[in-house]
Amino acid sequence: MRWFWIDRFEQFVRGTRAVAVKAVAMSEEQFDDYSPGYPVMPASLVIEGMAQTAGLLIGEMSGFEHRVVLAKIGKAVFQFPARPGDMLRYTATILDVKTDGAMASITSHIGDRLQGEVEMMFAFLDDRFPPGPLFDPVDFAEMVLAFGMYDVGVTPDGQPIELPPFYAQAQRDAEQGYPPTPSPVIASGR
Amino acid sequence: MAVTKDEVFNKVRTALVDALGVDEEEVTPQATMVGDLGAESIDFLDIVFKLEKAFGIEIPRKELSPEDILTNADYVQDGKVTPAGLAELKRRMSFVDFSKFESDPQVRNFSNLLTVGDLCRYVESKVGA
Amino acid sequence: MRFCLLDRITELEPGVKIRAVKRLRPDEDYLEDHFPRFPVMPGVLMLEAMYQASAWLVRQSEGFAHSVVILKEARNIKYADFITPGQELVVTAEILKQDAATTTLKAQATIEDRVAVNGRLVLERFNLADRRPTRAGTDPYLRNELRQVLSRLLPAAPK
C-alpha cells in the first residue's frame, strides 16, 4: 500500500487554498476485506487525503523547510461514506500559521455534495526528532511535480510558482550524478 | 462597545471546551490548563487560534509560553528559576499569580501554573475589559 | 486481511469497553512512504485502529444488529507520540452513549502506558435494507463475514 491519498492538485494558491482530487477505486488495498460486499472508503483515509492536501500547502510556504506532521484533528464530521467510483475533491484553506505549527480547514466533496469537513492542526517538527528531511529531496520534488503542484500552482496574485531552489538544485545534481546537497532543515529556535 | 469580564470568561470557556473536549463544568477560574484540563502543547496552538478569532486580538507566543526565560542560563540555575528570572516572568506575565510558584520555583512545575483565570485576565488586558 | 489494523482483541465487555493490540511490523509497506527517512505509523492509521476497535465493540454489543458501522465524527484526536516499527499499540475504547443510529465512544491508544493518541469518536450504525432496499440481501452476507473476522480476532467471542 503506497501512502499517497491524493491524486492531483486542481488548484494551488500559495499560502491560501489548495484543491486536490482523489479517485476511489475498487482495486485499492484498503478494500481487500474492508466491509466486503459494501466497500466504504475509510474516513481515516479521507482524513489523510485532506491532511496531505493541507500539509503540502502549508509546507510549500516555507519552501518545504519545515517538517510538517499532523498533530491534532480538532473536529471531523462526515455526512455520508465515499465509495469506489467516487471522485473525492478536497479543498484546504489555511486558517493560521505560527512558528511551531499551523491550522487548516478542509472540506471533502463528491460532485456538489459535501461529504466531510475537518479542522486539523499540524506541528513543525523541531530537532528533538531525527535531523534532516523526512524525504529524499529528489524523490520529494518528483512527488510534488507528479501531483501537479507546479502545473497549477500560483501566488495569491496569480504568478506561477516554482520548485524551491534547494529542490530544483537537488534535481539538477541528481541528473548529473552529483551527491545530494546538504539539507535546509531549520534548526530549533527559528 | 466594551467587553465585560463575564463575556470574556464565557468565550474563553467555549474555546477551551472546543479545543480540549472537556465539559463546561470543568472550566472553572481555578482550573489549571495542564493539570486539570489536560492541555498539551498542540492544544495551545488551537486555543490561541480560537481566542484570536473570538476576540479579534493577536497573541504572540512569548506572552503565554515564556520558554525563552525558562531556558535562559541567566534566569535558571539547577532547574530552578532565579530571582532575576522570576522578576522577568512577573513582568512578562502580570496576569499570573506566582506566589505559590515562588516558594518552589522548579522549572518543571511551571507548565502547570497557568489557570483558566490567568487566561481570562490575559485576554481582559488585551481587550480592555 | 491487510486493512484489519488490529492483531487481536484481548478484552471485550459488551456495552462497555474493548481492548485490542496491534504491533507495528517493520515490513508494513506504507512505512516506505511515511516517511522514507523516519518510518512511523501514520496518525490516521492510529485513528483507524481506534475506530476498528470501537466498531467491533459496537457490533458485538448489539449482536451485529446493523451490518454497516462507520466513522461519522472524530473529535479532539490528539497525537502525543510517534509509533516506530516493533512497538505494540494497545487500543481501548469505551462507550459513552448510544442512540438508535449512533454510538459515541472515548478511545485511546497507548504504548507501554504512555498515551500516543486519544479522542472521541461517533460511529453510525445502519442496515443496507434501510437505505438501499435493493441491497437488503447483502446485510446477512456482511454480518456473516464480519462475525468470522471477529472470531479470528477474539476466538472466545460468544457467537
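Helices α1(B) and α8(B) are oblique to each other. This statement, like those that follow, refers to a predicted model.

**Two helices of chain B**

The first of the pair, α1, spans residues 5–20 of chain B, and its partner α8 spans residues 116–127 of chain B. Their axes come within 9 Å and cross at roughly 125 degrees. An angle of this kind counts as oblique because it lies outside the ranges under 35, over 145 and 65 to 115 degrees. The crossing in which α1(B) passes α8(B) is right-handed. The table lists the residues that make the contact.

| Helix | Residues in the contact |
|---|---|
| α1(B) | B:K5, B:V8, B:F9, B:V12, B:L16 |
| α8(B) | B:V116, B:L119, B:C120, B:V123, B:E124, B:V127 |

By class, the residues of this contact comprise 9 nonpolar and 2 charged, with no polar ones.

**Chains A and C**

A contact between chains A and C draws 38 residues from chain A and 35 residues from chain C. On the side of chain C that touches chain A, at least two residues each come from α1 (43–61), β3 (68–79) and α3 (138–153) of chain C. Strand β3(C) provides the largest share of that side, with 11 residues. The side of chain C that touches chain A consists of 21 nonpolar, 10 charged and 4 polar residues.

Strand β3(C) also pairs with strand β3 of chain A, residues 68–78. The pairing is antiparallel and extends over 5 bridges. Within β3(C), C:A74 is the bridge partner of A:A76.

Terms used
Residues are numbered from 1 along each chain as its sequence is written. Chains are lettered from A and ligands numbered from 1 in the order in which they are written. This is a predicted model: local features need pLDDT of at least 70, side-chain atom pairs count only at pLDDT 80 or more; totals for chains, interfaces and linings use all residues. Two residues are in contact if their C-beta atoms, placed from the backbone, lie within 7 Å. Helices (H or I, at least four residues) and strands (E, at least two) are DSSP runs, numbered from the N terminus. Ala, Val, Leu, Ile, Met, Phe, Trp, Tyr, Cys and Pro count as nonpolar, Asp, Glu, Lys and Arg as charged, and the others, Gly among them, as polar. Two strands pair if DSSP finds at least two bridges between them. Axes are lines fitted to C-alpha atoms, for helices over the stretch in contact, and angles run from 0 to 180 degrees between N-to-C directions. A crossing is left-handed if the near helix is turned anticlockwise from the far one by less than a right angle, and right-handed if clockwise.
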